[in-house]
Amino acid sequence: MTISDFLIIPAKPEHAHYAEVICDEMFESAKARGTGIARRKPEYVANKMNEGKAVIALHKDGRWAGFCYIETWGHGDYVANSGLIVNPEFRKVGLAKAIKKRVFDLSREKYPKAKIFGLTTGFAVMKINSELGYEPVPYSELTTDDEFWKGCQSCVNYEILMSKDRKNCMCTAMLWDPEEKERELREKIQRKHEAKERLERITQKQSLLKRIQAKFWKSANKFASINLSKHNKVAKGF
């Protein structure tokens, strides 16, 4: 089995019948890991599909293989890619990474100016996020939207979160900031431009040095020829 056996697409209303089994697997997976998760109802997941704010992976035989959805906070200033899950039958083929990449791209298409963030306890998800360009950040860099934090109430670690005034918890916060990425791209282009200019200056200096050397040797050879001619004339006079 390979990744080519799956179709990874934005979810549609026709996929809503998968919502219940997806939610059940999200819960069972979190319970098996012993980690917290903001539990969602099938109606919530189905609504994400209806809105086109989710990505679903389907095996070529029609079985659901994976899922992830988009949430927006702070009037669209922040976006979270949440609920990443892979059907246990189809793990170890790279689906999580492929789904995360597709939902990230979908988020960028729908909300090009939004900061994309995530909270996770899973090392595999952290690794995927890092490959997409996310960076670990303090919780203060995340949305302050109370509705987002209310979603953590069903998490087993909610009391820890609130005891720390929402400044820290068991999850690692990661953020992809479009402004920061644009700045990094500008700096990269600027460094490349400066490196090109330095190379051109070095090339010009090398070319000038070669011309000076050529002129020097031409003059030296001419001078040597004149001296040799005088020497020969003097020698003939004796």
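At 66% relative accessibility, Lys60 counts as exposed. The classes follow fixed cut-offs: buried means under 20% relative accessible area, exposed over 50%, and partly exposed in between (1.4 Å probe, protein chains only). The model is predicted, so local features need pLDDT of at least 70 and side-chain atom pairs count only at pLDDT 80 or more, while totals for chains, interfaces and linings use all residues. Residues are numbered from 1 along each chain as its sequence is written, and side-chain values use heavy atoms, with hydrogens and water left out.

Lys60 takes part in a salt bridge with Asp5, at 3.2 Å from N to O. The term denotes a side-chain nitrogen of Lys or Arg within 4 Å of a carboxyl oxygen of Asp or Glu. Asp5 sits in the segment before β1 (6-10), and Lys60 in the loop between β2 (54-59) and β3 (64-73), so the contact ties together parts that are 55 residues apart in sequence. Helices (H or I, at least four residues) and strands (E, at least two) are DSSP runs, numbered from the N terminus. Asp5 is buried, with a relative accessible area of 16%. Its partner Lys60 is exposed, at 66%.

The structure holds 18 salt bridges. Another of them joins Glu89 to Arg63, at 2.6 Å from N to O. This pair links distant parts of the chain: Glu89 lies in the loop between β4 (78-86) and α3 (95-110), Arg63 in the loop between β2 and β3, and the two are 26 residues apart. Glu89 is exposed, with a relative accessible area of 51%. Arg63 is partly exposed, at 36%. Asp61 joins these two residues in a network of salt bridges.

Lys53 and Glu51 form a further salt bridge. Their closest N and O atoms are 3.9 Å apart. Lys53 counts as buried at 19% relative accessibility. Glu51 counts as partly exposed at 36%.

UniProt, in an unreviewed entry, places the feature "domain: N-acetyltransferase" at residues 42-110. UniProt positions are given in the numbering used here, feature names are shortened, and annotations may be inferred rather than shown by experiment. Over residues 42-110, the chain is 38% helix and 36% strand. The end C-alpha atoms of this stretch are 23 Å apart.

Backbone angles were examined next. Most residues other than glycine have a negative phi. Lys92 has a positive phi of about 75 degrees, although it is not a glycine. Lys92 is found in the loop between β4 and α3. With a relative accessible area of 84%, Lys92 is exposed. Arg166 also has a positive phi, of about 60 degrees, and is not a glycine. Arg166 is found in the loop between α6 and β7. At 24% relative accessible area, Arg166 is partly exposed.

Lys167 lies in the loop between α6 (158-163) and β7 (172-176). Lys167 counts as exposed, at 60% relative accessibility. The C-alpha atoms of Lys167 and Glu141 are separated by 9.8 Å, with their positions 26 residues apart along the chain.

A positive surface patch is formed by Lys188, Arg191, Lys192 and Lys196. Patches are made of residues with over 30% relative accessible area and no salt bridge; like charges are joined within 9 Å, and nonpolar side chains (Val, Leu, Ile, Met, Phe, Trp, Tyr) within 5 Å. Lys and Arg count as positive and Asp and Glu as negative, whereas His and the chain ends are not counted. The place of a charge is taken as NZ of Lys, CZ of Arg, CG of Asp or CD of Glu. Arg191 lies in helix α7 (residues 178-237). At 49% relative accessibility, Arg191 counts as partly exposed.

Two C-alpha separations complete the description. Ala32, in helix α1 (residues 19-33), counts as exposed at 70% relative accessibility. The C-alpha atoms of Ala32 and Ile202 are separated by 61 Å, and the two residues are 170 residues apart along the chain. Val156 is placed in the loop between α5 (146-150) and α6. Val156 counts as exposed, at 63% relative accessibility. From C-alpha to C-alpha, Val156 and Ala114 are 29 Å apart in space, and 42 residues apart in sequence.

Key. Areas by Shrake-Rupley, 256 points an atom, 1.4 Å probe, with all protein chains shown as cover.
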